[in-house]
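Trainee: I'm new to this structure and would love a close look at one part of it. Could you take me through the long helix in the middle and what sits around it?

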Amino acid sequence: MKKFIIYLLKPFSFLPAIAMMYLIFSFSAQTGTESGNLSHEISYHLVSVANRVLDKGLSEEEKNAYADKIEFPVRKLAHMTEYFILAICMSFPLYVYGVRGFWLFLLAGLLCVGFACTDEFHQSFVAGRGPSKRDVAIDSTGALFGIILVQIFCHSFTPSRRRR
């Protein structure tokens, strides 16, 4: 009975990956203005926190200037982080289904990179947005790091099979 329940519940292990895909798709559906405003708001918040922690005493104008300077890297780091999380959410269920080693890299990588490509295609239909090969490369880098992390984690905590 226990194996039957596990068999029925296994497909639900993909729900975090599907939820992450929905989140990424939602961010991509924002117009260029909405996305830019969100990136600037996050960058401004980071500068404000750094200003308080480092006790720099920056004016509002200076904080906005610094926020403008870091907005692009913050935006790209967000891309990488989204796909890092997606790769983790995709790799763990695949691992549960017995996909290991090179095949895990290949399958999880293809799924994440494929989604990154369709996401960029989707952005071509959103006002003020457009597809970017660079974003697919950044997304793929984040996915690669996520897959590597899962490989290391699962390899470290899974008992090795000994041959006789």
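Mentor: Let's start with Asp 55, which is exposed, with a relative accessible area of 67%. Keep in mind as we go that this is a predicted model. Asp 55 sits in the loop between α3 (32-54) and α4. Its backbone has a twist to look out for: phi is positive, about 50°, although Asp 55 is not a glycine. For background, most residues other than glycine have a negative phi.

Now follow the chain to either side of that loop. The axes of α3 and α4 come within 7 Å and cross at roughly 120°. That angle makes α3 oblique to α4, and the crossing is right-handed. On the α3 side, the residues that take part include Ser 35, Ser 39, His 40, Ile 42, Tyr 44, Leu 46 and Val 47. On the α4 side, look for Glu 60, Lys 63, Tyr 66, Ala 67, Ile 70, Val 74 and Arg 75, among others. Sorted by class, this contact is a mixture: eight nonpolar, eight polar and five charged residues.

Next, keep α4 in view and find α2, the helix of residues 15-28. α2 and α4 pack at an angle of about 160°, with their axes 8 Å apart. So α2 counts as roughly antiparallel to α4. Here the crossing is left-handed, whereas that of α3 and α4 is right-handed. From α2 come Pro 16, Ala 17, Met 20, Met 21, Ile 24 and Phe 27, and they meet Glu 82, Tyr 83, Ile 85, Leu 86, Cys 89 and Met 90 in α4. The class count for this contact reads eleven nonpolar, no polar and one charged.

The third partner is α5. Helix α4 covers residues 60-96 and helix α5 residues 101-123, and their axes come within 10 Å and cross at roughly 140°. That leaves α4 oblique to α5, in a right-handed crossing. In α4, the residues to pick out are His 79, Tyr 83, Leu 86, Ala 87, Met 90, Ser 91, Leu 94 and Tyr 95. Opposite them in α5 are residues including Leu 104, Leu 107, Leu 111, Cys 112, Phe 115, Asp 119 and Glu 120. This contact divides into 13 nonpolar, two polar and two charged residues. Tyr 83, Leu 86 and Met 90 are worth clicking on, since they turn up in the contact with α2 and in the contact with α5.

While you're there, what about the cysteines? The structure holds zero disulfides. Cys 89 is in none, and the nearest cysteine sulfur, that of Cys 112, is 9.3 Å away. Cys 89 is buried, with a relative accessible area of 19%. For Cys 154, the closest cysteine sulfur is the one in Cys 89, and at 13 Å it is too far for a bond. Cys 154 is buried as well, with a relative accessible area of 6%.

Another helix comes in through Asp 135, whose place is in helix α6 (residues 133-157). Asp 135 is buried, with a relative accessible area of 6%. Leaving aside neighbours within four places in sequence, Asp 135 is in contact with Lys 76, His 79 and Glu 120. You've met two of those already: His 79 and Glu 120 belong to the contact of α4 with α5.

Finally, step back along the chain to the loop between α5 and α6, where you'll find Arg 129. At 18% relative accessibility, Arg 129 counts as buried. Beyond its neighbours within four places in sequence, Arg 129 is in contact with Phe 27, Ser 28, Gln 30, Thr 31, Gly 32, Ser 35 and Gln 123. Arg 129 and Thr 33 are 96 residues apart in sequence, yet their C-alpha atoms are 8.9 Å apart in space.

Ala 127 is found in that loop too, but at 53% relative accessibility Ala 127 counts as exposed. Setting aside neighbours within four places in sequence, Ala 127 is in contact with Thr 31 and Gly 32. Ala 127 and Gly 32 are 95 residues apart in sequence and 6.3 Å apart in space, C-alpha to C-alpha. Thr 31 and Gly 32 are among the contacts of Arg 129 as well, so try showing them together.

How values were computed. Residues are numbered from 1 along each chain as its sequence is written. This is a predicted model: local features need pLDDT of at least 70, side-chain atom pairs count only at pLDDT 80 or more; totals for chains, interfaces and linings use all residues. Side-chain values use heavy atoms; hydrogens and water are left out. Axes are lines fitted to C-alpha atoms, for helices over the stretch in contact, and angles run from 0 to 180 degrees between N-to-C directions. Helices (H or I, at least four residues) and strands (E, at least two) are DSSP runs, numbered from the N terminus. Angles under 35 degrees count as roughly parallel, over 145 as roughly antiparallel, 65 to 115 as roughly perpendicular and the rest as oblique. A crossing is left-handed if the near helix is turned anticlockwise from the far one by less than a right angle, and right-handed if clockwise. Contact means heavy atoms within 4.5 Å. Ala, Val, Leu, Ile, Met, Phe, Trp, Tyr, Cys and Pro count as nonpolar, Asp, Glu, Lys and Arg as charged, and the others, Gly among them, as polar. Buried means under 20% relative accessible area, exposed over 50%, partly exposed in between (1.4 Å probe, protein chains only). A disulfide is a pair of cysteine sulfur atoms within 2.5 Å.
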